[in-house]
Amino acid sequence: MSSPMSRHRAIEDQALDWLIRRDEPGWSQQDQVELADWLAESTAHRTAWLRAEHGWAEADRVRSLGDWNSESAHEYRPRRWLPAAIAASLVAAVGIGSLTLVPQFGEHASVQQVATEQKRFDTPVGGRKVVALADGSRITLNTQSVVRAAVSDRARDVWLDSGEAYFEVQHRDGEPFVVHAGKQTITVLGTKFSVRRDRDRVTVNVVEGRVRVDDGQGLETSAAIITAGDTAIARGGSTLITPKSEERVTNALAWRDGMLSFNLIPLSEVASEFNRYNRTQLEVDPSAAEIPIGGTFQASNVDAFARLLHDAYGLKTERDGDRVRISN
């Protein structure tokens with residue numbers, strides 16, 4: 001049985017071999033597919049590929065410092081020196097902290113996604129953040145959200161790991177912008193929309209343009225196209241598209257202004273929304289859970305909302321530390 005170290009070295013060697021083959025003239029589309037399949041097999045493969053890519057870049061940088069300016073030097077790249085140069089650069093990379101070179105990728109990450117550096121952005125409870133991407137697109141993160149973005153001149157991918165985000169996508173001809181949310185992928189060319197992830201449930205609200213929602217199975221029949229005013233709710237292989245309602249979409253995006261807007265929603269659901277934005281948590285007794293709530297409220301002001309419930313419905317509110325219990 002091979003040792004963990006020998007298996008690691010074997011994978012590193014495979015990654016180097018793939019990298020060398022990719023830069024040779026005979027590289028084909030079938031080779032590209034086989035490489036993508038190899039990368040998808042395990043995190044270890046993707047990590048080794050990323051290390052090899054980095055090492056290749058470092059090797060080229062080192063080479064540029066030497067006498068490599070002649071035409072013959074550029075035309076001829078001896079295979080035998082490449083692994084050694086890459087290995088040397090990897091030693092240096094590990095010395096400065098190799099963890100920065102190994103971001104996490106989805107199981108279906110492409111070669112370009114793996115090779116593009118990811119940037120991570122997050123927000124705390126009640127926080128909001130606007131992120132400007134290299135392609136001119138903008139992401140507004142809602143409370144308790146985490147996204148990773150890999151944007152280059154060849155691909156535009158964002159991973160919504162948790163929470164909710166609003167996207168304003170800059171159009172680039174023939175180059176889609178893809179949001180990965182669990183098993184769902186949301187693909188656009190240029191539009192404005194939001195994506196919310198609640199465990200395995202993904203909700204997409206479209207403000208402008210068209211959005212394609214896929215369930216990750218790769219089947220054309222499983223894709224849904226939604227337009228401005230539409231909402232898609234996806235869970236597993238099922239996607240529900242609600243009737244067009246610009247008002248509902250506007251209400252769903254009120255958080256961008258620090259507000260929460262409801263249209264006769266049960267109090268239990270309203271409380272759950274408030275709890276996403278505040279450390280003070282609302283607990284609703286079953287006796288009051290189904291009371292319909294409508295209106296617009298400041299997301300961060302739990303106490304004011306509780307007072308309104310008392311004034312409008314005569315509900316009892318009892319505070320105990322970071323808990324506010326509401327009952328009839």
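## A hairpin and its neighbouring strand

Strands β2 and β3 form a hairpin with five residues between them, and in the turn Gly 136 has a positive phi of about 95°. Strands here are DSSP runs of E with at least two residues, helices are runs of H or I with at least four residues, and both are numbered from the N terminus. The two arms of the hairpin, β2 (residues 129–132) and β3 (residues 138–141), pair in the antiparallel sense over four bridges, where pairing requires that DSSP finds at least two bridges between the strands. One of the bridge partnerships is that of Ala 132 with Arg 138 in β3.

Strand β3 is also joined by four bridges to strand β5 (residues 156–168), and these two strands run antiparallel. Across this pairing, Thr 140 stands opposite Tyr 166 in β5. In the loop between β3 and β4 (146–151) lies Gln 144, whose phi is near 50°, a positive value in a residue other than glycine. Gln 144 is partly exposed, with a relative accessible area of 39%; buried means under 20% relative accessible area, exposed over 50%, and partly exposed in between, computed with a 1.4 Å probe on protein chains only.

## Basis of the model and the chain as a whole

This is a predicted model, in which local features need pLDDT of at least 70 and side-chain atom pairs count only at pLDDT 80 or more, while totals for chains, interfaces and linings use all residues. Residues are numbered from 1 along each chain as its sequence is written, and side-chain values use heavy atoms, with hydrogens and water left out.

The protein chain contains nine helices and 18 strands, and of its 328 residues 43% count as buried. Among contacts between residues at least 6 apart in sequence, 49% join residues at least 24 apart, a contact being heavy atoms within 4.5 Å.

## The surroundings of Arg 196

Arg 196 lies in strand β8 (residues 192–198) and counts as buried, at 18% relative accessibility. Its C-alpha is 8.7 Å from that of Tyr 166, although the two residues are 30 apart in sequence. When residues up to four places away in sequence are not counted, Arg 196 touches Leu 160, Gly 163, Glu 164, Arg 201, Val 202, Thr 203, Glu 273 and Arg 276.

Two polar contacts of the Arg 196 side chain can be described. One, of 2.7 Å, joins it to the side chain of Glu 273, and another, of 3.0 Å, joins it to the side chain of Asp 198. A polar contact is a pair of N or O atoms within 3.5 Å, and within protein one atom must be able to donate a hydrogen and the other to accept it, with residues adjacent in sequence counting only if both atoms are side-chain atoms.

## An open sheet of three strands

Strands β15, β18 and β17 make an open sheet in the order β15-β18-β17, with mixed pairing. Its edge strands are β15 and β17, each of which pairs on one side only, and the twist averages 25° from one strand to the next. Helix α8 packs on this sheet, touching β15 and β18, and its direction makes about 165° with that of β15; axes are lines fitted to C-alpha atoms, for helices over the stretch in contact, and angles run from 0 to 180 degrees between N-to-C directions.

Strands β17 and β18 pair in the antiparallel sense over five bridges, and the bridge partner of Thr 317 in β18 is Ile 326.

## Helix α9 and its two sides

The 12 residues of helix α9 (residues 302–313) should span 16 Å at 1.5 Å a residue, and its end C-alpha atoms are 16 Å apart, which agrees; the expected span is 1.5 Å times one less than the number of residues. The buried residues of α9 are Val 302, Phe 305, Ala 306 and Leu 309. These residues cover an arc of only 100° around the axis, which puts them on the same side of α9, the arc being that of the directions from the helix axis to the C-beta atoms.

Arg 307 and Asp 311 are exposed on the other side of α9. The cover over the buried residues of α9 includes α8 (267–277), β15 (281–284), β16 (292–298), β17 (316–320) and β18 (323–327). Just after α9, Gly 314 takes a positive phi of about 70°.

## A positive phi within a strand

Leu 264 is found in strand β14 (residues 259–266) and has a positive phi of about 55° although it is not a glycine. At 59% relative accessibility, Leu 264 counts as exposed.
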